[in-house]
Amino acid sequence: MRFLQRALLTGWMGWLVLMSGAAQAHLMVAQRGTLNFVDAGAFMVLSLPVSAFQGIDDDGDGRLSMAEGHAHWRDIEEQVRAGVQLVSEQGAAPLQGVFFNLSPPDDAPAAPASQLVVMGRFAWSSGLQGGRFGVRLFGTQAGETSLQITVTRGGDTQLLTLSPERAEMAVFPGFWAVISDQVMMGAHHVWAGADHLLFLLVVLAAGVGLSHLVWTLTCFTLGHALTLLACVLWGWKVSPALVEPAIAITIVGMAGFDRWSQKQGQTVPAAWRWGLVFFCALIHGLGMAEALTGLGLQGARKFWSLLGFNLGIELGQLAAAGVAMGVFWALRRFAGASAVAMALRLASWSAMGLGTFWFFQRVALTAL
């Protein structure tokens, strides 16, 4: 019986490869994949970059020819088995029947390909509910460091977005797995997002008191939490081509507002400034939502994902604010109030310069 199962699996996968032929480029979009749970198996199709594999590109052109593929098919199979895993509480699921085919350009089906379409089947008990899927085969070229995988099981669907920094994610996770994963993702999003950190530094630079810190973070939290809620639960979406330049404008605007206020010698009511922080946070929330809506979670997982992601953002912000306030305190303690004032002015002017650069850079990238 086991031999018959292997023969049927090999025949099915072989037929799929042969039938795809020159039309293989249409089988899977680059840097995309599927993982479909059916009965006692999980069928996988992934489009992976050639640059993710070691020792298979003999001529070093970044592409794989048919001859290179035939010469290194065992190397490719071994690297797929080592770099793609589906793990349950019982351990790693066996990957059976690994096949691959080239994914050449549509207009040149015989040309070497920069992507490989890899197929296989994981042996998976139908009684198992959860697990983790991981891919550690990412390329070196632009656009090859992110992989989106659609996971299906019956009528349930999940979208995994994997990267070298987040190469493994839970498949149809439970409550605590959702919360912990999204807390880590939210905190990472804050610390990896230089524009969010710079805006936070700008809004903190206007004062170093505890009351200022609490009210500033509260307004920033309420603002981005509101747009996160609208985007994730109600599907509201704004194009990144508008959001990313707008985030850069908030940095320039906030820093410029503070410089103008100090130059005029005017004391702006605290409520006005907190309102401005709240408005800017609405825009930052749109950028943060891009990282969460791409997960494709549904039902209760969507709510818990939002809760965990937002909690992770707050923890990341508190950590960043703590570091900034510690630096301000150390300057005041060891260099005096004049050093603090100079550091705040330098932070504002630097933020305006960097924010202006980001604005024009993002507008230019959008126009390409």
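**Exercise 1. Overall composition**

What percentage of the 368 residues in the protein chain do buried residues make up? Describe the chain as a whole.

*Solution.* The model is a predicted one. Step 1: buried residues account for 45% of the 368 residues. Step 2: the secondary structure of the chain consists of 10 helices and 10 strands. Step 3: the accessible surface is about 18400 Å², and 66% of that surface belongs to carbon and sulfur atoms. Step 4: of the contacts between residues at least 6 apart in sequence, 72% join residues at least 24 apart.

**Exercise 2. The two faces of α3**

Determine which residues of helix α3 are buried, and why they line one face of the helix.

*Solution.* Step 1: within α3 (residues 73-83), the buried residues are Ile76, Glu77, Gln79, Val80 and Gly83. Step 2: viewed down the helix axis, these buried residues fall within an arc of 170°, and therefore they line one face of α3. Step 3: on the face turned away from the buried side, α3 carries the exposed residues Arg74, Glu78 and Ala82. Step 4: the packing partners of the buried residues are β3 (84-88), β5 (95-102), β6 (115-123) and β7 (131-135).

**Exercise 3. The four-stranded sheet**

Establish the strand order of the open sheet of 4 strands, and identify its edges.

*Solution.* Step 1: the order is β4-β3-β7-β10, with antiparallel pairing. Step 2: β4 (91-92) and β10 (168-171) are the edge strands, since each pairs on one side only. Step 3: the antiparallel pairing of β3 with β4 extends over 2 bridges. Helix α3 packs on this sheet, where it touches β3 and β7, and the direction of α3 makes about 35° with that of β3. Step 4: at the level of residues, valine 87 stands opposite alanine 92 in β4.

**Exercise 4. Nonpolar cores**

Which residues have the most contacts inside the largest nonpolar core?

*Solution.* Step 1: this core has 37 residues, and those with the most contacts inside it are Leu35, Leu86, Phe122, Phe133, Val135 and Ile149. Step 2: β2 gives the most to the core, contributing 4 residues. Step 3: phenylalanine 122 illustrates the contacts; leaving aside residues up to four places away in sequence, its partners include Leu35, Leu86 and Phe133, which are also listed with Phe122 among the core residues with the most contacts. Step 4: a second, separate core of 29 residues includes Phe199, Leu217, Met254 and Cys280. As general background, nonpolar side chains in soluble globular proteins tend to be buried together.

**Exercise 5. Two positive phi values**

Glutamine 31 and aspartate 39 have positive phi values. Is each residue buried or exposed?

*Solution.* Step 1: most residues other than glycine have a negative phi. Step 2: the phi of glutamine 31 is near 60°, and that of aspartate 39 is near 55°. Step 3: glutamine 31 lies in the loop between α1 (2-20) and β1 (32-38), whereas aspartate 39 is in the loop between β1 and β2 (41-49). Step 4: a relative accessible area of 6% makes glutamine 31 buried, while aspartate 39, at 68%, counts as exposed.

**Exercise 6. The surroundings of histidine 196**

Where is histidine 196 found, and which residues does histidine 196 touch?

*Solution.* Step 1: histidine 196 belongs to helix α5 (residues 194-204). Step 2: buried means under 20% relative accessible area, and histidine 196, at 6%, is buried. Step 3: not counting residues up to four places away in sequence, histidine 196 touches His189, Ile247, His284 and Met288.

Terms used: Residues numbered from 1 in each chain as written. Predicted model: local features only at pLDDT ≥ 70, side-chain atom pairs only at ≥ 80, totals over all residues. Heavy atoms only, no water. Buried < 20%, exposed > 50% of the residue type's maximum accessible area, 1.4 Å probe, protein only. Arc of directions from axis to C-beta. Contact = heavy atoms within 4.5 Å. Areas by Shrake-Rupley, 256 points an atom, 1.4 Å probe, with all protein chains shown as cover. Pairing = 2+ DSSP bridges. Axes fitted to C-alpha atoms, helices over the stretch in contact; angles between N-to-C directions. Core = buried A, V, L, I, M, F, W, Y, C linked by side-chain atoms within 4.5 Å.
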